[in-house]
Amino acid sequence: MLRVLASLVACPACQSSPAGPRGLCGDCVSGFGEPILRPGIVAIAHYEEAMKRAVLAVKFASATRLADALGRALGHAVRTSGRRLSAVCFVPLHPSRLRTRGYDQAALLAAGAARELGIPMLPLLRRRVANTQQARLGLLARHGNAAGLFTLSRSAPRVLPRRLLLVDDVMTSGATLEACRATLLQSGCEHVLLGVAALARPGRAQSEKARPVPRPTSPPTSTWG
């Protein structure tokens, strides 16, 4: 019955085909290809076409169940890459932006990845100020915009996990993720693997300030792989 209902839900990535039990239509899922594995980084796909539309649906159209499916897909990619990790954390929104959006897409992705990996998800980081959105800046300005932006959250344990997966939705210049990783390493972590749903190709700073994404009906959760 659930699969029948799922087939009636529009795919949040293309908005033209029915979503399947994986949360997207088969064409969009197959368009992701193989996960991207680089030293210190794991991504589901490049930030383009179907994946770009999926990320924008999660970020701006409240496709929160799709966030869980993408997070599980990221967790699957991490597990098959052979990385051994202790916990998952995420790049947090500033509280003011969280109140406006109503949810933190990176936290949802991290929760899905943690479920797939069978390890805890911990809110270890806090964003100190509501800085200018990275997507509004050029690549050179992003590193300065992220410098000193993050600190440990008040709820972080005194002894941090040794090996962490740090999750965000998109990696373009890497400035935000590297600022978070530096904070975690300076606070006692030994290794921080960066995990993202989408990785922008080098030299292609693609703005997320896109036209509004149609609000989809939340698709069912699952994972790829």
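Start by selecting Asp104 and Ala106: Asp104 caps the N-terminal end of α6, with a side-chain oxygen 3.0 Å from the backbone nitrogen of Ala106. As you look around, keep in mind that this is a predicted model.

**Stop 1: along α6**

Now extend the selection to residues 105–117, which make up α6. The helix has 13 residues, and the distance from its first C-alpha to its last is 18 Å, close to the 18 Å expected at 1.5 Å a residue. Color α6 by accessibility and you will find 10 of its 13 residues buried, so the helix is largely enclosed by the rest of the structure. Among the buried ones are Gln105, Leu109, Gly112 and Glu116, along with several alanines such as Ala106, Ala110 and Ala113.

What do the buried residues of α6 pack against? Show α3, α4, β3, α5 (95–101) and β6, and you have the partners. Before leaving the helix, step just past its end to Gly118, which takes a positive phi of about 70°.

**Stop 2: across to α4**

To cross from α6 to α4, select Ala111 and Asp68. These two are 43 residues apart in sequence, yet their C-alpha atoms are 7.1 Å apart in space. Ala111 is one of the buried residues of α6, while Asp68 lies in helix α4. Is Asp68 buried or exposed? With a relative accessible area of 10%, Asp68 is buried.

Select all of α4, residues 64–80. Its 17 residues should span 24 Å at 1.5 Å a residue, and its end C-alpha atoms are 25 Å apart, which agrees. This helix is mostly covered too, with 12 of the 17 residues buried. Including Asp68, the buried set has Leu66, Leu70, Leu74, His76 and Val78 among its members. Those buried residues pack against β1 (36–38), β2, α3, α6, β6 and β7. After α4 comes Gly82, whose phi is positive, near 90°.

**Stop 3: the nonpolar cores**

Hide the helices for a moment and show side chains instead. In soluble globular proteins, nonpolar side chains tend to be buried together. Here the largest nonpolar core has 43 residues, and Leu24, Ile44, Met51 and Leu165 touch the most other members. At least two residues of this core come from each of α2 (26–31), β2 (41–46), α3 (49–60), α4, β3 (87–90), α6, β6 (163–171) and β7 (191–199).

Center the view on Met51. Beyond its neighbours within four places in sequence, Met51 is in contact with Phe32, Ile44, Ala45, His46, Leu70, Ala197 and Ala198. You met Leu70 earlier as a buried residue of α4.

Then select Leu124, Met171, Cys189 and Val196, which belong to a second, separate core of 24 residues.

**Stop 4: the cysteines**

How many disulfides does the structure hold? The count is zero. Select Cys28 and Cys25 to see a pair of sulfurs 3.5 Å apart; Cys25 has the nearest cysteine sulfur to Cys28, and Cys28 is in no disulfide. A disulfide here requires sulfur atoms within 2.5 Å. Cys28 is buried, with a relative accessible area of 4%.

Next, pick Cys180. Its closest cysteine sulfur is in Cys89, 7.7 Å away, which is too far for a bond. Cys180 counts as buried, at 0% relative accessibility.

**Stop 5: two backbone angles to check**

Most residues other than glycine have a negative phi. Two residues on this tour go the other way. Glu49 is not a glycine, yet it has a positive phi of about 50°. Glu49 is placed in helix α3 and is exposed, with a relative accessible area of 58%. Ser62, also not a glycine, has a positive phi near 60°. You will find Ser62 in the loop between α3 and α4, where it is partly exposed, with a relative accessible area of 25%.

**Last stop: zoom out**

Bring back the full cartoon, where you can trace eight helices and seven strands. Of the 225 residues in the protein, 51% are buried. Turn on the surface: the protein exposes about 10800 Å², and carbon and sulfur atoms supply 52% of that area. Finally, for a contact map, consider contacts with a separation of 6 or more: residues 24 or more positions apart account for 75% of them.

Note on methods
Residues numbered from 1 in each chain as written. Predicted model: local features only at pLDDT ≥ 70, side-chain atom pairs only at ≥ 80, totals over all residues. Heavy atoms only, no water. Core = buried A, V, L, I, M, F, W, Y, C linked by side-chain atoms within 4.5 Å. Buried < 20%, exposed > 50% of the residue type's maximum accessible area, 1.4 Å probe, protein only. Helix = DSSP H or I, 4+ residues; strand = E, 2+ residues; numbered from the N terminus. Contact = heavy atoms within 4.5 Å. Expected span 1.5 Å × (residues − 1). Polar contact = N/O pair within 3.5 Å; in protein donor to acceptor, adjacent residues only side chain to side chain. Areas by Shrake-Rupley, 256 points an atom, 1.4 Å probe, with all protein chains shown as cover.
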